[in-house]
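Biologist: I'm new to this one, so please pick how its helices pack and walk me through it closely. Take your time and keep it plain.

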Amino acid sequence: MKGRATHSAPDLLPVLRAATHVLHPDELAAPILVGFSGGADSLTLLHLLMRWSAETGAEIHAVIIDHQLRPTAADEAAANAALCAAWGIAATVRVVDSAQLAAGGGVEEGARQERYRLFAEVAQATGARTLALGHQANDQAETVLLHLLRGAGLGGLRGMPLVRRAGDLLDQFAAADAAGILQRPAIWRPLREVSRATIEAYCRAWKLQPIHDESNDDVAFRRNGVRHDLLPAAEQLFPGTTLTLAREADLFAAEDDLLHALTAAAWSRTVTTAGPLLLIDRAAFRAEDLALQRRVLRQAVAQFDPTGAPLGVGARSIEAARVGIVAAESGGQWPLPGGLRLLVERSRAVIGPANAIETALRQQSELPFVSPGWSISVAELVRVPLSAGWIVQRLASVAPANDSASYRLPATAEPLVLRTWQPGDRLLLRNGNSQKLQDWFVDHYTPRYLRGHLVLLAAGQQIFWIAGVAAFASGGAPADGPNEQVQLLYNDRDCER
């Protein structure tokens with residue numbers, strides 16, 4: 001209906017006009033996309049934008065997405081398209097393959113990701129710089145409460161902003177220009193401070209007929225449980241809870257902005273990047289305020305998230321990781337969301353993909369390493385490649401001293417081999433004492449991810465040399481004949497470590 005309201009109800013057009021002040025001139029000049037499902041919120045938003053467009057000449061373009069999740073979905077999409085045509089609003093209808101929706105972590109999340117993918121696609125096709133969504137105050141309150149119960153911190157309690165131009169799921173699907181800058185529309189929520197009851201009153205006043213989505217009644221979905229059970233119970237005890245929570249989101253947002261600046265400074269003091277890993281200086285981390293420690297960890301997890309905003313990171317996993325960095329002994333490990341892992345060493349903590357963190361650390365150690373169980377007889381050794389450009393070779397002795405880069409072959413009763421660590425391996429120390437290799441590793445803070453990959457010179461279970469790491473007491477004088485040694489090279493150049 002394009003006429004006047006039929007009875008008294010709050011007119012929301014002034015609210016929409018006021019909300020346009022957050023948009024940039026270039027965003028207002030381009031087409032404005034509207035996510036249109038036919039529900040009360042998006043129907044009210046589309047109707048308001050149609051009225052505003054009549055005043056300003058702004059171009060409106062509706063995006064209608066059929067998720068094929070209900071038998072009536074196709075008919076509803078057709079009805080929405082017909083309404084847009086009747087109102088003179090351009091519309092794009094897209095159909096989603098419902099069989100693919102559960103692949104990304106459940107149907108609800110899969111549908112959300114597909115919506116944003118299609119929003120980005122239509123925005124690119126139409127040149128739109130703004131995507132208007134019908135979220136309202138009740139949605140804001142539900143979002144704040146869901147994030148509070150999940151333990152998301154201020155980053156989640158700030159809820160949905162009136163406008164957002166980066167840092168959300170749309171970034172994942174937006175195309176980049178030649179300079180690498182994402183070309184995505186701003187997400188605009190002009191009805192964010194309007195209650196659901198007011199929106200329903202607007203629909204009645206203008207005789208708008210919203211589509212009712214039965215899935216919104218299913219309390220098996222968390223948000224629906226909050227909407228139909230938790231918030232109404234809170235309203236009974238504390239009338240006005242919904243709007244209070246929605247308003248509190250703006251207070252949380254202001255405080256979160258301040259803490260964000262402080263976190264950036266703490267990040268620069270505590271975190272460095274090394275390839276696919278984040279390295280945290282434990283001493284510097286301990287010196288930071290408790291709140292900043294937690295926020296640094298949240299930001300660390302965000303570095304690995306495509307949207308940069310992992311609000312699903314609960315307080316429990318963040319606190320366990322924080323305590324690990326502050327107080328745990330070297331070698332401790334903790335899982336983090338998103339397939340990440342925290343690994344604690346003596347002076348630093350490392351965060352990275354769980355399936356690659358130890359391999360990346362071995363590579364960054366700049367030591368030669370091999371796969372556990374690797375072995376070669378020294379008698380057969382000439383030149384053997386190790387990892388990342390390292391080479392071990394046997395040649396005539398040219399240096400009298402044993403060190404981490406070379407070792408003179410001792411006279412031994414058992415054959416000499418180069419191999420990896422085995423249970424029972426022992427060292428003869430220079431002071432004449434014997435020590436288990438495992439105990440030596442512990443005393444010298446050798447990380448667990450290195451121990452089974454290091455190259456050892458051994459006779460039986462006596463260890464003489466750890467290539468690139470240390471040399472120990474010889475088992476006897478060199479054999480008769482030319483003195484020989486094993487030597488470690490890097491890229492064919494003698495490189496003492």
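Modeller: Let's settle one word before we look: contact means heavy atoms within 4.5 Å. Also, keep in mind that this is a predicted model.

Start with a pair of helices. Ala 40, Asp 41, Thr 44, His 47, Leu 48 and Arg 51 in α3 meet Ile 199, Tyr 202 and Cys 203 in α9. How do you describe such a pair? Two packed helices are described by the angle between their axes and the distance between those axes. For α3 (residues 40-56) and α9 (residues 196-205), the axes come within 9 Å and cross at roughly 60 degrees. The two helices are therefore oblique to each other, and α3 passes α9 in a left-handed crossing.

Now move along to α14. With 13 residues (315-327) at 1.5 Å a residue, α14 should span 18 Å, and its end C-alpha atoms are indeed 18 Å apart. Its buried residues are Ile 318, Ala 321, Arg 322, Gly 324 and Ile 325. They cover an arc of only 160 degrees around the axis, so they sit on the same side of α14. Turned away from that buried side is a face carrying the exposed residues Arg 316 and Ala 327.

What does the buried side pack against? Among the partners are α12 (282-286), α13 (290-302) and strand β10 (277-281). Leu 279 lies in β10. Its relative accessible area is 12%, so Leu 279 counts as buried. Leaving aside neighbours within four places in sequence, Leu 279 is in contact with residues including Thr 270, Val 271, Arg 348 and Val 350.

Notes. Residues numbered from 1 in each chain as written. Predicted model: local features only at pLDDT ≥ 70, side-chain atom pairs only at ≥ 80, totals over all residues. Heavy atoms only, no water. Helix = DSSP H or I, 4+ residues; strand = E, 2+ residues; numbered from the N terminus. Expected span 1.5 Å × (residues − 1). Buried < 20%, exposed > 50% of the residue type's maximum accessible area, 1.4 Å probe, protein only. Arc of directions from axis to C-beta. Axes fitted to C-alpha atoms, helices over the stretch in contact; angles between N-to-C directions. Parallel < 35°, antiparallel > 145°, perpendicular 65-115°, else oblique. Left-handed = near helix turned anticlockwise from the far one by under 90°.
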